[in-house]
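Here are some notes to read beside the structure, written for someone meeting a model of this kind early in their studies. Please keep the view open and find each residue as its point comes up.

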Amino acid sequence: MTSVRLRAGVPLARLEEGIVQVGSGATHSVLITNATDKDIECLELLRHGIHAHEVDSSLLEALKDAGLLEESAKIWQQYLCVRIVGLGRIGTLIARTLADDGVPYIDVRDGRPVDAAVEGIYGEEEKGMRRDVALRQWLTDRGVHWSRGRMPHVAITVDEGVQDWGTASNLLYQDIPHLPIVTEDREVSIGPLSIPGATPCFQCVERSRLEAVPGWKYLREAIAQEPPAEPTWGLAHTSAGIAANIIFTLLTCGSKPEQWPATQSWLVGTAGMHLLEWTVHPECGCSTSAV
Ligand SMILES: [Zn+2]
């Protein structure tokens with residue numbers, strides 16, 4: 001018989017008579033209305049672990065979906081696979097951070113050599129090696145697998161100046177959720193997380209930009225001609241931390257991709273952090289239902 005229990009550190013709060021909230025996060029919590037004494041007793045028992053059949057099936061499902069159960073979170077985490085394309089400072093830091101957080105499969109890709117642009121994050125002895133080969137060695141030394149054959153649960157792309165539409169198209173075509181990161185002159189854009197067929201894709205974003213920013217087409221071309229240098233370490237660490245946190249939280253607190261908040265992007269840089277909202281563009285055709 002399967003035993004289930006709440007993850008350690010998940011609070012149970014009686015908000016008012018008959019209303020109980022399980023979990024503290026705004027997006028990863030469950031609100032139970034009309035909670036009976038039996039429900040509350042069951043939740044208390046869940047702290048220590050009880051048989052799954054003793055819990056109301058709809059409550060069990062809701063707790064599982066929100067990633068509040070120890071068992072489901074652990075099983076899910078054993079198989080997590082993240083792909084990272086683009087290994088400048090940010091991409092490399094994301095891979096290392098996710099490895100430290102316990103992601104067991106990380107597939108890194110970047111055929112560029114270790115050169116002055118990434119000096120300080122790769123070792124002197126790795127100079128001239130392919131970046132992905134050097135980073136795979138680092139990951140392997142820490143027990144992380146990098147199997148290319150494994151389909152990732154999510155991918156992260158890090159591009160300089162403008163997004164590589166070829167990579168984004170491939171991920172879209174393969175139905176792989178992906179978080180685009182683009183480094184700009186003095187800022188870094190993170191998101192929106194694209195879930196194929198459900199949330200805004202890169203073309204939705206591009207079409208919206210074309211409408212909102214006069215001359216965007218020419219500006220994009222100019223940026224592509226002269227991509228920005230690597231971001232400062234402060235900006236790289238901040239951006240990598242935000243991205244790794246988004247991905248790790250999404251993957252471990254709620255296993256259903258359709259629950260992921262995927263309509264926002266963050267612009268991190270000189271003016272602090274800006275949050276931007278995106279919608280599926282009506283003329284894009286990437287999704288049958290608008291967000
Ligand atoms: Zn689209």
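1. The overall division comes first. This is a predicted model, and the domain assignment of the protein divides the chain into domain 1, covering 3–68, and domain 2, covering 79–277. The C-alpha centres of domain 1 and domain 2 are 35 Å apart.

2. An open sheet of 3 strands can be followed in the order β2-β3-β4, and its pairing is antiparallel. Its edge strands are β2 (12–16) and β4 (30–32), each of which pairs on one side only, while the twist from one strand to the next averages 25°. Strand β3 (residues 19–22) pairs with β4 in the antiparallel sense over 3 bridges, and within β4 it is I32 that stands opposite V20.

3. R5 deserves a separate look, since it is placed in the loop between β1 (3–4) and β2. Is R5 buried, exposed or partly exposed? With 16 other C-beta atoms within 10 Å, R5 is partly exposed, because a residue counts as buried at 20 or more such atoms and as exposed at 12 or fewer. R5 and R47 are 42 residues apart along the chain, yet their C-alpha atoms are separated by 5.6 Å.

4. Another open sheet has 7 strands, in the order β7-β6-β8-β9-β10-β11-β12, and here the pairing is mixed. The edge strands are β7 (105–109) and β12 (272–277), and each of these pairs on one side only; the twist averages 15° from one strand to the next. As a general point, strands of a sheet pair through backbone hydrogen bonds, either parallel or antiparallel. One antiparallel pair in the model is strand β9 (residues 178–183) with strand β10 (residues 187–190), joined by 3 bridges, and V182 stands opposite S189 in β10.

5. Which residues touch the most other members of the largest nonpolar core? Among the 51 residues of that core, they are I94, I106, I156, A243 and I247. Helix α9 (residues 233–252) supplies the largest share of this core, namely 8 residues. When neighbours within four places in sequence are left aside, A243 is in contact with I94, I156, L179, I181 and I190. There is also a second, separate core of 9 residues, including V10, L43, L63 and A66. In soluble globular proteins, nonpolar side chains tend to be buried together.

6. Helix α6 (residues 165–173) is a good place to practise looking down a helix axis, and its residues A168, L171 and L172 are buried. Why can these buried residues be said to lie on the same side of α6? They cover an arc of only 100° around the axis, and therefore they fall on the same side of the helix. On the other side of α6, G166 and Y173 are exposed. The buried residues of α6 pack against β8 (154–160), β9 and α7 (202–212).

7. The last point concerns the backbone just after α6, where D175 takes a positive phi of about 65°. A reader who has traced α6 as far as its end may usefully continue to D175, which follows just after that helix, and then return to β8, β9 and α7, against which the buried residues of α6 pack.

How values were computed:
Residues are numbered from 1 along each chain as its sequence is written. This is a predicted model: local features need pLDDT of at least 70, side-chain atom pairs count only at pLDDT 80 or more; totals for chains, interfaces and linings use all residues. Domain bounds come from an automatic or database domain assignment. Two strands pair if DSSP finds at least two bridges between them. Helices (H or I, at least four residues) and strands (E, at least two) are DSSP runs, numbered from the N terminus. Axes are lines fitted to C-alpha atoms, for helices over the stretch in contact, and angles run from 0 to 180 degrees between N-to-C directions. A nonpolar core is a set of buried Ala, Val, Leu, Ile, Met, Phe, Trp, Tyr and Cys residues joined through C-beta atoms within 7 Å. Two residues are in contact if their C-beta atoms, placed from the backbone, lie within 7 Å. The arc is that of the directions from the helix axis to the C-beta atoms.
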